[in-house]
Amino acid sequence: MKKIAIVGLGLIGASYAMGLKDKYEIYGVDIDTKALNYAIQNKIISKGSTTLADFIDAVDIIIFSIYPLQILEELKKYRFKENQLVTDVLGVKSFFVYEASKLVKPAVYCSHHPMAGKEKVGIRYADSKIFKGANFLITPTEADSRGIKELEEIAKALEFGRIDIISPSYHDKMIGYTSTLTHAIAVALVNSDSFPDTNNFVGDSYRDLTRIAMINSSLWQELFFKNKENLVNHLDAFVNELEKIRQALATENKDELNSLFKESKAKRLLLEKNLNNLEK
C-alpha cells in the first residue's frame with residue numbers, strides 16, 4: 001500500500017485523508033496538535049506529526065494543503081526522493097509551481113486543484129463526500145505521465161467526476177473568474193448591507209449568493225493577491241456589466257434592460273446544458 005503524507009489537516013486536507021485512507025496509508029502533518037489528536041482518535045490518519053521531517057523518507061506522495069507561501073518555505077527544508085510525487089490542492093498556481101518544481105527535484109512536482117469545498121474551516125467539518133462528482137484539475141508544469149497518473153488515481157479514489165489537465169496559467173485565468181471573482185462579489189454584496197433587519201428579508205437568492213462570503217480571510221487574501229492580474233481584469237468586466245444595468249435604469253431604457261436579461265438567461269441556459277452533458 002502506498003503511503004501519503006498530507007501536510008495541513010484543515011477541511012480539504014482532512015477530507016482527502018478520509019477519502020483515501022482505505023486505499024493508501026495516510027500520515028498527517030499539522031502544527032496544531034489538537035487537529036492531529038482529533039485525526040488519530042477518529043482514525044482519519046494512521047500516524048501524525050507536527051513536522052514532515054518524520055515522514056519524508058517513508059512516503060511516496062506528499063500533498064500540501066497549506067497556504068502558497070508556506071509551501072515554498074516547507075519545500076526549502078527537505079531533500080526529496082526521485083520516486084516521490086509532491087503536489088498541492090491550492091486555487092492559484094502560476095506564481096509558485098514552477099519554483100516548487102525546481103525545489104523538489106529529483107522528485108516530481110505536479111499540482112492539482114479539487115473544485116470542491118465548504119464555507120466552514122477546520123478538521124471537524126471534514127467530509128470526503130464533498131468531492132463526489134466534482135471537477136478535478138491537474139496543472140503540470142511539464143509533461144510528466146507518472147505525476148498525472150498518480151493524481152488521476154487519487155481523483156478516482158475520492159470519486160471526483162471530470163478530470164482535466166490544463167496549464168497553470170489557464171487554470172489561474174479561469175479560476176480567477178469562476179471562483180475568486182465570485183468570492184469578491186459575495187464579500188462586496190454582504191459589506192454593502194446597511195440595513196439593521198436584513199435577516200428578516202433573506203430568501204434563497206441572497207442566501208445562495210452570500211454563502212461564500214464566510215471566507216477564510218488569511219487564505220483568500222493570499223489567493224486574491226497571487227492571482228491579482230486575472231482578478232482585476234474580471235472585476236473590470238463585471239463592473240462594466242453592472243454599469244450597463246445601472247445606466248439602463250437611470251435612462252429608463254426598458255429595451256436595454258430586457259436585452260441584458262435575455263442575454264444572461266441564454267448564457268445561463270447554455271451553461272446548464274453543457275453541465276448536464278458533462279454529468280452524463
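Let's start with the salt bridges: a search of this whole predicted structure turns up 10 of them. What is behind such a pairing? Side chains of opposite charge can pair when their charged atoms come close. Three examples will take us to quite separate places.

Begin with Glu150 and Lys2, whose side chains meet in a salt bridge with 2.8 Å from N to O. Glu150 belongs to helix 5, while Lys2 sits in the segment before strand 1, so this pair ties together parts of the chain that are 148 residues apart in sequence. Are these two residues buried or exposed? Glu150 has a relative accessible area of 12%, so it is buried. Lys2 comes out at 38%, and that makes it partly exposed.

The second example is the salt bridge between Glu74 and Lys77, where the closest N and O atoms are 2.7 Å apart. Here Glu74 is buried, at 16% relative accessibility, whereas Lys77 is exposed, at 55%.

For the third, go to helix 10, which covers residues 254–279. Glu263 and Lys267 form a salt bridge there, and their closest N and O atoms are 3.5 Å apart. Count along the helix and you'll find them four residues apart, which means they are separated by about one helical turn. Glu263 is partly exposed at 37% relative accessible area, and Lys267 is exposed at 56%.

Now step back and look at the whole chain. It has 10 helices and eight strands, and its C-alpha trace spans about 70 × 45 × 35 Å along the principal axes. Of its 280 residues, 40% are buried. The chain exposes about 16,200 Å², and carbon and sulfur atoms supply 52% of that area. How much of the contact pattern joins residues at least 24 apart? Take the contacts between residues at least 6 apart in sequence: 64% of them join residues at least 24 apart.

Next, find the strands. Eight of them make up an open sheet with mixed pairing, and if you walk across it you meet them in the order 3-2-1-4-5-6-7-8. Which strands sit at the edges? Strand 3 (47–49) and strand 8 (163–165) do, as each of them pairs on one side only. Ignoring direction, neighbouring strands in this sheet are turned by 20° against each other on average.

Zoom in on the strand 3 end of that order. Strand 2 and strand 3 run in the parallel sense where they pair, over three bridges. One spot to look for is Val29, whose bridge partner in strand 3 is Ser49.

Helices pack on this sheet too. Helix 3 (residues 68–75) touches strand 4, strand 5 (85–88) and strand 6, and its direction makes about 145° with that of strand 4. Helix 5, the home of Glu150, also packs on the sheet: it touches strand 1, strand 4, strand 5, strand 6, strand 7 and strand 8, with its direction at about 30° to that of strand 6.

So much for the sheet; what about the inside? The largest nonpolar core has 37 residues, and those with the most contacts inside it are Ile4, Tyr16, Leu20, Ile63 and Ile154. Several elements each supply at least two residues of this core, among them strand 1 (3–7), helix 2 (33–41), strand 7 (135–140) and helix 5 (145–157). Which element gives the most? That's helix 1, with six residues.

Helix 1 deserves a closer look. Eight of its 10 residues are buried, so it is largely enclosed by the rest of the structure. The buried ones are Leu11, Ile12, Gly13, Ala14, Ser15, Tyr16, Ala17 and Leu20. What do they pack against? Their partners are strand 1, strand 2 (25–29), strand 4, strand 6, strand 7 and helix 5.

Finally, put Ile4 at the centre of your view. Leaving out residues up to four places away in sequence, Ile4 touches Leu20, Tyr24, Glu25, Ile26, Tyr27, Val59, Ile61, Ile63 and Ile154. There is also a second, separate core of 24 residues, including Tyr27, Phe55, Ile66 and Leu75. Tyr27 is thus a handy place to pass from one core to the other on screen: Ile4 touches it, and it belongs to that second core.

Note on methods: Residues numbered from 1 in each chain as written. Predicted model: local features only at pLDDT ≥ 70, side-chain atom pairs only at ≥ 80, totals over all residues. Heavy atoms only, no water. Core = buried A, V, L, I, M, F, W, Y, C linked by side-chain atoms within 4.5 Å. Buried < 20%, exposed > 50% of the residue type's maximum accessible area, 1.4 Å probe, protein only. Contact = heavy atoms within 4.5 Å. Pairing = 2+ DSSP bridges. Axes fitted to C-alpha atoms, helices over the stretch in contact; angles between N-to-C directions. Salt bridge = Lys/Arg side-chain N within 4 Å of Asp/Glu carboxyl O. Areas by Shrake-Rupley, 256 points an atom, 1.4 Å probe, with all protein chains shown as cover.
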